Amino acid sequence: MSQNSHLDAAWQYHSGTKHSPLSVRTSPHFLDWENKPLLFKIYPTLEVLRLPRDFRETSCPALSAIAAAGRQTQVEAIPNLETLAQVLFFSAGVVRSKKHEQGETFFRAAACTGALYEIELYVVCTDLPGEALPGANSAGLAAGVYHFGVAEFGLRQLRAGDFRQTLVDATASNPSLAHAPVIIICTGTYWRNAWKYRSRTYRHFGWDNGTILANLLAMSEALHLPAKVVTGFVDSQINALLGLDTKREVAFSLASIGHQPSTPPNPPQIAPLNLPIVPYSKEEVDYPAMRKMHEASSLDSAGEVATVRGKTPAHDLPPPKGTTTSLQLDNDSIPQDSMPQDSIEKVISRRGSTRQFSRQSISLSQLSLMLDRATRGIPADFLEPLGSHLNDLYLIVNNVDGLAAGAYVYHWESKTLELLKPGDFRDKAGFLGLDQQLPADAAVEVFFLADLKKILERYGNRGYRAAQLEAGILGGKLYLAAYAQRLGASGLTFYDDDVVNFFSPHARGKSAIFLVALGRSALRK
Ligand SMILES: Cc1cc2nc3c(=O)[nH]c(=O)nc-3n(C[C@H](O)[C@H](O)[C@H](O)COP(=O)(O)O)c2cc1C
């Protein structure tokens, strides 16, 4: 019997993993570098099929790609192998590396807490057209279940055959999956991130999965492929398909890519896999709070899955009481010929979290573009109608030309910023962002706050996953919108209750979910 409606579990996990100045002081954590987990999942007994890298440039401006809220198409759109490779590379591939005292870090297309990259991707597909891969028997990609090997930029086949119907069944016949030639499964591996962040890692699953999905949605749009995020599924069925050891790794979200009129055939039997993987560390430390949260938000049956789809809770901010400023999005503020045109691939390739902000201003039209493009709607099964959202955006404005410094809340529908309190809050922003310098120096901080009570009442504990994931997707879009304009961004962690108190009384009763700082890099000329 599922525990999804036992909401104490989500509240306990959320409260138990809050940061406060006291918790940080009284529960210090020292990193055991000798035991740092490997950053890649590797199946040593499986051949790797190396993916093609000669990508076709999409020329789709990043600002358009991230703004799109998912194509609604009934027209056939089947990615070929090269296109799939392109989506995988720009979602989670290695884009640069850096040597340092402890070794070398291979940075990926999407930002990730601590550069620990605990989210793995798997591909479940029908036969896909394309060139023959080196080592493959036939052209294109044969129907199967594959693990995306990031280190080699390749695929390892876990199962041969068309298993998409297994996913359709597990999602209570989610329509976007039923017609998708490709489905990506995203999993989270606890230890890979808990090595540094301990039990808070379960929140990071949502954030780090979200930044990957922001890239995946934008790339799919640029390649004219419909894509949709799906979080409602019978957990045990997906985990069994991938043969996961669920004490260590669990499925977190799915994404459908493409459209075909036909539906999948009956799936083959799912035999246990028992495939060895290269150990991540000499020893792993278990943090049971996360497994408990995951189990309590797991769904047991298709019937239960159907109950958590759509019907996003109504979401009305009180009408503005303070001064409001409309986003500057008209032609006068941003003439068409000055609209940044860099393609989504270019922007993803140059993205990298800003390590030092300069304290210089950004303009209101730059901030407007970031907020507008990031909030045009996410195609996801828990967000219906399209354009609904779970998180509210609260801002600290430090230095934006044309906007008074102060604390704001963003009204999505009217695209206006309501001033909650004016003032110079740089020091406060630094404090709220876990006493880090980045938020004190950035031009703006965007805090994601959610009414968890309402969300959990609607979706059960599963809503906790959705709220974190949505914030990660929005944060990922903000990153891309910043880099499209040659600005900088960094995701940040925070002191939970202090954030809510700072934005109260407006934010009273909400919970702090995520934080992104935006501004100009000090290191960039
Ligand atoms: C959800 C999230 C939270 C983050 N939190 C912090 C943070 O608190 N402090 C910090 O310096 N960087 C933070 N970062 C930035 C990561 O350290 C950075 O993404 C990672 O090192 C990978 O580097 P890249 O983003 O340049 O590719 C965060 C990133 C994400 C996505």
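Two strands pair if DSSP finds at least two bridges between them. Strands (E, at least two residues) and helices (H or I, at least four) are DSSP runs, numbered from the N terminus.

The model is predicted: local features need pLDDT of at least 70, side-chain atom pairs count only at pLDDT 80 or more, and totals for chains, interfaces and linings use all residues. Residues are numbered from 1 along each chain as its sequence is written, and side-chain values use heavy atoms, with hydrogens and water left out.

**Exercise 1. Place strand E9 among its partners, then state which way its residues point.**

Step 1. Take strand E4 (residues 119–125). It pairs with E9 in the antiparallel sense over seven bridges. Here Tyr-122 stands opposite Ile-185 of E9.

Step 2. Take strand E11 (residues 249–257). E9 and E11 also pair in the antiparallel sense, over eight bridges. Ile-184 of E9 stands opposite Ala-255 in E11.

Step 3. Sort the side chains. In a regular strand they alternate between the two faces of the sheet. Val-182, Ile-184, Cys-186 and Gly-188 point one way from E9. Ile-183, Ile-185, Thr-187 and Thr-189 point the other way.

Step 4. Check the cover. Buried means under 20% relative accessible area, exposed over 50%, partly exposed in between (1.4 Å probe, protein chains only). Eight of the eight residues of E9 (182–189) are buried.

**Exercise 2. Describe the shell around the ligand and its polar contacts.**

Step 1. Find the nearest residues. A residue is near a molecule or strand if one of its heavy atoms lies within 4 Å of it. Of the 22 residues around the ligand, Arg-351, Ser-353, Arg-355, Gln-436 and Gly-491 come nearest.

Step 2. Sort the shell by class. Ten residues are nonpolar, eight polar and four charged.

Step 3. List the N and O pairs. The side chain of Arg-351 has an N or O atom 2.8 Å from a ligand oxygen. A polar backbone atom of Cys-112 is 3.2 Å from an oxygen atom of the ligand. A ligand nitrogen lies 3.1 Å from a backbone N or O atom of Gly-491.

Step 4. Name the elements. Strand E3 (103–108), helix H8 (201–222) and strand E19 (488–492) give two or more residues each to the shell. The largest share, three residues, comes from E19.

**Exercise 3. Is Gly-430 buried or exposed?**

Step 1. Locate the residue. Gly-430 is found in helix H14 (residues 426–432).

Step 2. Read its area. Gly-430 has a relative accessible area of 6%, so it is buried.

Notes:
Polar contact = N/O pair within 3.5 Å; in protein donor to acceptor, adjacent residues only side chain to side chain. Nonpolar A, V, L, I, M, F, W, Y, C, P; charged D, E, K, R; others polar.
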